[in-house]
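Q: I would like to learn how to read this structure feature by feature. Where should I begin?

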Amino acid sequence: MALTVEDIVAMCQTALSEHTPVLAVRDVLEELVTRPARLEEALGPVEVGGITTLHNAADLTVLHVAWTPGMALYPHEHRMWAAIGMYGGQEDNAFFRRAPEGLESTGGREVPAGDVLVLGDDAIHSVANSRREFAVALHVYGGDFFNVERSEWDFETLEERPRDFERTARLFEEANTRWLQQQP
Ligand SMILES: [Fe+2]
């Protein structure tokens, strides 16, 4: 039987009742990303980069995210656990922690299709797509992703400021325009 968005959300909701929800969600995503064609059927083909909300509630948010080739999102925090299941392209993560002078680097991780990245609720990361294909993933968060107070940091100055989704939307628009201009 074909997989639907409702199925994906229901699997994540079931995982929330497990003893350690983030690990149960990780297991759900690990299973889902083994079959990328099935996910693409459920979620549709990716033609432009962007964030699509599949589910948003107080205890759970499920997003479909496609990073445009060449795009990079400045450091930000979620203040809730997150599990990111890649099923197309690759996401390059850089990790940070708060420091007297803004942020300091704590390393990075490349997350290719087929991998799941789990982030604790104190994680700070930036994300880049350095490949010439969309980096496509299911992002699952243990809370209301859009209505929690939290920070982002300027890429250059590492100055902390409130998270601004309009700024993120503009980044997607710019990256999509650049990418479309590069197409034959
Ligand atoms: Fe993030």
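A: Begin with strand pairing: two strands pair if DSSP finds at least two bridges between them. This is a predicted model. In it, strand β1, residues 50-56, runs antiparallel to β2, with six bridges joining them. Within β2, the residue opposite Thr-52 is His-64.

Q: How many residues link β1 to β2 in the hairpin?
A: Four residues make the hairpin connection between β1 and β2.

Q: Which other strand pairs with β2, and in what sense?
A: β9 pairs with β2 in the antiparallel sense, over seven bridges. As one example of the register, Ala-66 has Val-136 in β9 as its bridge partner.

Q: Which residues lie on each side of β2, and are they buried or exposed?
A: The general idea comes first. In a regular strand, side chains alternate between the two faces of the sheet. In β2, one side carries Thr-61, Leu-63, Val-65 and Trp-67, and the other carries Val-62, His-64 and Ala-66; all of these are buried. The strand is accordingly described as mostly covered, with seven of its seven residues buried.

Q: How should I read the nonpolar core, and which residues have the most contacts inside the largest one?
A: Nonpolar side chains in soluble globular proteins tend to be buried together. Here the largest nonpolar core has 26 residues, and those with the most contacts inside it are Ile-8, Leu-29, Leu-32, Leu-39, Leu-138 and Val-140. Two or more residues each come from α1 (5-16), α2 (21-32), α3 (36-43), β2 (61-67), β4 (82-88) and β9 (135-141). The largest share, six residues, is from α2.

Q: What does Ile-8 touch, leaving aside residues up to four places away in sequence?
A: Ile-8 touches Leu-3, Leu-32, Leu-39, Ala-42, Leu-43 and Leu-138. There is also a second, separate core, of 23 residues, which includes Leu-63, Tyr-74, Phe-145 and Leu-171.

Q: Does α2 show only its covered side, or where would I look for a residue that is partly exposed?
A: Look at Glu-30, which is found in helix α2. Glu-30 has a relative accessible area of 38%, so it counts as partly exposed. Its C-alpha atom is 19 Å from that of Met-1, and the two residues are 29 apart in sequence.

Q: Which protein atoms are the donors of the iron ion?
A: To read a metal site, list the donor atoms, then place their residues on the chain. The protein donors of the iron ion are the NE2 atoms of His-76, His-78 and His-125, lying 2.1 Å from the ion. Along the chain these donors follow the spacing H-x1-H-x46-H.

Q: Are His-76 and His-78 buried or exposed?
A: The cut-off for buried is under 20% relative accessible area. His-76 is at 3%, so it counts as buried. His-78 is at 1% and is therefore buried too.

Q: Where does His-125 sit relative to the strands?
A: His-125 is in β8, where it is the bridge partner of His-76. Phe-95 also has His-125 as its bridge partner in β8. At the level of strands, β3 and β8 run antiparallel and are joined by four bridges. Strand β5, residues 90-99, is joined to β8 by five bridges, again antiparallel. Strand β8, residues 124-128, is mostly covered, with four of its five residues buried.

Q: Which residues have a positive phi without being glycine?
A: Arg-79 is one of them, with a phi of about 60 degrees. Arg-79 is in the loop between β3 (72-77) and β4, and its relative accessible area of 43% makes it partly exposed. Leu-158 is another, with phi near 60 degrees. Leu-158 lies in the loop between β10 (151-153) and β11 (160-162); at 24% relative accessible area, Leu-158 is partly exposed.

Q: What can I say about the chain as a whole?
A: The chain has four helices and 11 strands. Its radius of gyration is 16 Å, close to the 16 Å that the globule rule gives for 184 residues, so the chain is as compact as a globular protein of that length. Buried residues make up 47% of the 184 residues. Of the contacts between residues at least 6 apart in sequence, 75% join residues at least 24 apart. The chain exposes about 9,300 Å², with carbon and sulfur atoms supplying 49% of that area.

Technical notes:
Residues numbered from 1 in each chain as written. Predicted model: local features only at pLDDT ≥ 70, side-chain atom pairs only at ≥ 80, totals over all residues. Heavy atoms only, no water. Core = buried A, V, L, I, M, F, W, Y, C linked by side-chain atoms within 4.5 Å. Buried < 20%, exposed > 50% of the residue type's maximum accessible area, 1.4 Å probe, protein only. Contact = heavy atoms within 4.5 Å. Donors = N, O, S within 2.8 Å, 3.2 Å for Na, K, Ca; no water. Rg over C-alpha atoms; globule rule 2.2 N^0.38 Å. Areas by Shrake-Rupley, 256 points an atom, 1.4 Å probe, with all protein chains shown as cover.
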